[in-house]
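Work through the exercises below with the sequence and the structure open. Try each task before reading its solution.

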Amino acid sequence: MFIKFFYRLSLCILIFGVSGCGGSTDSSSLPETAPVMGVVNLDGNPLELATVTFVPSGTTKGVECVGLTDASGKYSLKQIRGAEGVPPGEYRVVINQLVTSDGTPYKPGSDIAPITVGAEEALPVHYSNIDKTTLMANVSVEGGEFPFELKSRKKR
């Protein structure tokens, strides 16, 4: 008896939960965005194939915005749901670069999982860990350029 009740309750919760998923298709409910780009250097050299993520902080509304650096270290951001740009506000910035066991940068989005090629984080945690990052950005309504000059080791 309890199992049938639990099953029916779980099914109702699932149905009501799924029916509320997907968000609104009304574009007026989406936050306005501004173009954000920049260059990431590590020890003065362009950092290729690094993921730059702006994570909303404080009262900033929205979702994470992500970009991938090219061979010259340049990136531009878009929301994880695909919209170009970043809503204005304060962000914690996380920069990650995975490298394979032979030191080659791992290309995010590859068909091969990072763990399969022994890829590990190459950057210090004060750049690459969402809880420990020291990088911040304040995006205005106009957006802008946000360069990041990273060091291999944190100064003591």
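The exercises go from the whole chain to single residues; the model is a predicted one.

**Exercise 1. Take stock of the chain and its confidence.**

Task: State how many helices and strands the protein chain has, and find where the pLDDT is below 50.

Solution:
- Step 1. Count the elements. The protein chain has two helices and 12 strands.
- Step 2. Read them in sequence order. The pattern is α-β-β-β-β-β-β-β-β-β-α-β-β-β.
- Step 3. Check confidence. The mean pLDDT is 82, and 79% of the residues reach 70 or more.
- Step 4. Locate the weak stretch. Residues 1–27 have pLDDT below 50. Beyond near neighbours in sequence, this stretch makes one contact in the model.
- Step 5. Look at burial and surface. Of the 156 residues, 33% count as buried. The chain exposes about 10,400 Å², and carbon and sulfur atoms supply 58% of that area.
- Step 6. Consider contacts with a separation of 6 or more. Residues 24 or more positions apart account for 60% of them.

**Exercise 2. Map the open sheet.**

Task: Give the strand order of the open sheet of five strands, then say which strands stand at the edges.

Solution:
- Step 1. Write down the order. It is E6-E4-E3-E7-E10, with antiparallel pairing.
- Step 2. Find the edges. Strand E6 (78–79) and strand E10 (135–139) each have a single partner strand, so one side of each lacks a neighbour in the sheet.
- Step 3. Inspect the E6 edge. Two bridges join E6 to strand E4 (residues 65–68), and the two run antiparallel. Here Cys 65 has Gln 79 as its bridge partner in E6.
- Step 4. Inspect the E10 edge. Strand E7 (residues 89–96) pairs with E10 over five bridges, in the antiparallel sense. Gly 89 has Val 139 as its bridge partner in E10.
- Step 5. Sort the side chains of E10 by face. Leu 135, Ala 137 and Val 139 point to one face and are buried. Met 136 and Asn 138 point to the other and are not buried.

**Exercise 3. Classify the aromatic pairs of Phe 54.**

Task: Decide whether the Phe 54 and Tyr 91 pair is stacked, tilted or edge-to-face, and do likewise for Phe 54 and Phe 146.

Solution:
- Step 1. Search the whole structure. It holds three aromatic pairs.
- Step 2. Take Phe 54 and Tyr 91. Their ring centres are 5.7 Å apart and the planes meet at 45 degrees, so the pair is tilted.
- Step 3. Place this pair. Phe 54 lies in strand E3 (residues 51–56) and Tyr 91 in strand E7, so the pair ties together parts 37 residues apart in sequence.
- Step 4. Check burial. Phe 54 is buried at 0% relative accessibility. Tyr 91 is buried too, with a relative accessible area of 0%.
- Step 5. Take Phe 54 and Phe 146. The centres are 5.8 Å apart and the planes stand at 80 degrees, so this pair is edge-to-face.
- Step 6. Place the second pair. Phe 146 sits in the loop between strand E11 (144–145) and strand E12 (148–150), 92 residues from Phe 54. Phe 146 is buried, with a relative accessible area of 15%.
- Step 7. Join the rings. Phe 54, Tyr 91, Phe 146 and Phe 148 form one aromatic cluster.

**Exercise 4. Describe the setting of Pro 105.**

Task: Is Pro 105 buried, partly exposed or exposed?

Solution:
- Step 1. Locate Pro 105. The residue lies in the loop between strand E8 (98–99) and strand E9 (120–121).
- Step 2. Apply the cut-offs. Buried is under 20% and exposed is over 50%. Pro 105 has 30% relative accessibility, so it counts as partly exposed.
- Step 3. List contacts outside four places in sequence. They are Glu 48, Leu 49, Gln 97, Leu 98 and Val 99.

Technical notes
Residues are numbered from 1 along each chain as its sequence is written. Side-chain values use heavy atoms; hydrogens and water are left out. Helices (H or I, at least four residues) and strands (E, at least two) are DSSP runs, numbered from the N terminus. Buried means under 20% relative accessible area, exposed over 50%, partly exposed in between (1.4 Å probe, protein chains only). Contact means heavy atoms within 4.5 Å. Two strands pair if DSSP finds at least two bridges between them. Accessible areas come from the Shrake-Rupley method with a 1.4 Å probe; for residues, only the protein chains shown count as cover. pLDDT is the predictor's confidence in each residue, from 0 to 100. Rings of Phe, Tyr and Trp (its six-membered ring) pair if their centres lie within 6.5 Å; planes under 30 degrees apart count as stacked, over 60 as edge-to-face and the rest as tilted.
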